[in-house]
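Work through the exercises below with the sequence and the coordinates at hand. Each task is followed by a solution that goes step by step.

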Amino acid sequence: MTVGSYTISNSTFSGNTADVGGATATFSGSYTISNSTFRGNTAGFSAGATRTASGSYTITNSTFSGNTAFKSAGATGTSGGSYTVTNSTLSSNTAGLDGGAIFTVGGQVTLTYATLADNSAPIGAHIAADSLVAYGSAIVNPQGGGANCNLSGSTISNGFNYTTDDTSCGLTGTGDTENGPDAQLRPLANNGGQTQTRLPAAGSPLIDAINQADCDPAVTVDQRGVSRPQDGACDIGAVEVQRVTRQAPVLSIWGVLFLLTTLCGVGSVSMRRKRCPRADGRAGG
Ligand SMILES: [Ca+2]
């Protein structure tokens, strides 16, 4: 569809095709997208999922994955807009030339708890823009030959970002890690919530990387709606990992008898034998 300003929530756009803006396109105005999925859309020229103009664009609690543009903006972009991306995942989008996930000439990209992973382009594998503002975001595994970021302007880091492979995003604030080891993100999957996400595996450097005092007080849940922080510290990226709580095993009656018999066998010297049951369940003698 082609529209001016618009709001999309609780929606999925999958497998759409157009020359410009595989799923949606606006040539004036802005958009707000929340709790939505753009998956596998294709643009014959630019903007694999959503074509934008020079307005302000807000993406919250949403996932863009597997969208493709022949030239620019694998997921969203094209001309000078500013993007605010919060609690969202942009994964495995592809542009043939520049901006594997987001492309905006002269525009600014603001990331808060965003995960950009495995996007692909020869120039700016994840982002091609003027400037970048980032907090608590993962920009990892650039594909297609481009660096993570291709920025014509400056970067403002609000801290606690994580990149692999290079230092092209210019993130040098408190708690930032550039060119770090593998972030250990699992494949895109249903991990709860309305949209698919990429869960950091156990041992991922993204987990608990942000001290509780440095968590963003304005963002109290993750992309799925899980409370931040978990385990006393916030995680970098769109997902806050929940520790798995293990329940104590429940023994059957045969299990209890086996345990008592074993204990009695081992401890027969100190235990009075008549209190030990026999293996067949009858009272011991
Ligand atoms: Ca945590």
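**Exercise 1. State what share of the residues is buried, and how the contacts are spread along the sequence.**

Of the 285 residues of the protein, 47% count as buried, where buried stands for 20 or more other C-beta atoms within 10 Å of the residue's own, exposed for 12 or fewer, and partly exposed for what lies in between, with C-beta atoms placed from the backbone. The model is a predicted one, in which local features need pLDDT of at least 70 and side-chain atom pairs count only at pLDDT 80 or more, while totals for chains, interfaces and linings use all residues. Residues are numbered from 1 along each chain as its sequence is written. For the second step, take two residues to be in contact if their C-beta atoms, placed from the backbone, lie within 7 Å; among contacts between residues at least 6 apart in sequence, 59% join residues at least 24 apart.

**Exercise 2. Decide where the coordinates call for caution.**

The mean pLDDT, the predictor's confidence in each residue from 0 to 100, is 90, and 86% of the residues reach 70 or more. Over residues 266-285, however, the pLDDT is below 50, although this stretch has 17 contacts in the model beyond near neighbours in sequence. Where pLDDT is low, the predicted coordinates should not be read in detail.

**Exercise 3. Give the strand order of the open sheets of 8 and 6 strands, and find their edges.**

Begin with the elements: the protein has 1 helix and 27 strands, taken as DSSP runs numbered from the N terminus (helices H or I, at least four residues; strands E, at least two). Two strands pair if DSSP finds at least two bridges between them. The open sheet of 8 strands then follows the order E2-E6-E10-E14-E18-E21-E24-E25 with parallel pairing, and its edge strands, E2 (12-14) and E25 (177-180), each pair on one side only. Within this sheet, 3 bridges join E14 (residues 89-91) to the parallel strand E18 (residues 115-117), and leucine 90 has leucine 116 as its bridge partner in E18.

The open sheet of 6 strands, also with parallel pairing, reads E4-E8-E12-E16-E19-E22, and its edges are E4 (24-25) and E22 (149-151), each of which pairs on one side only. Here 2 bridges join E16 (residues 102-104) to E19 (residues 127-129), with isoleucine 127 in E19 as the partner of isoleucine 102.

**Exercise 4. Identify the residues with the most contacts inside the largest nonpolar core.**

A nonpolar core is a set of buried Ala, Val, Leu, Ile, Met, Phe, Trp, Tyr and Cys residues joined through C-beta atoms within 7 Å. The largest one has 58 residues, and those with the most contacts inside it are Ala75, Ile102, Ile127, Leu132 and Ala138. Leucine 132, leaving aside residues up to four places away in sequence, touches Val109, Ile127, Cys149, Leu151, Thr155 and Cys169.

**Exercise 5. Locate the unusual backbone geometry.**

Most residues other than glycine have a negative phi, and most peptide bonds are trans. Asparagine 61, in the loop between E9 (56-60) and E10 (63-65), has a positive phi near 50 degrees, and it is buried, with 24 other C-beta atoms within 10 Å. Phenylalanine 160, in the loop between E23 (155-157) and E24 (162-164), has a positive phi of about 60 degrees and counts as buried because 26 other C-beta atoms lie within 10 Å. Finally, a cis peptide bond with omega of about -5 degrees joins arginine 228 and proline 229, and proline 229 lies in the loop between E26 (210-211) and E27 (233-234).
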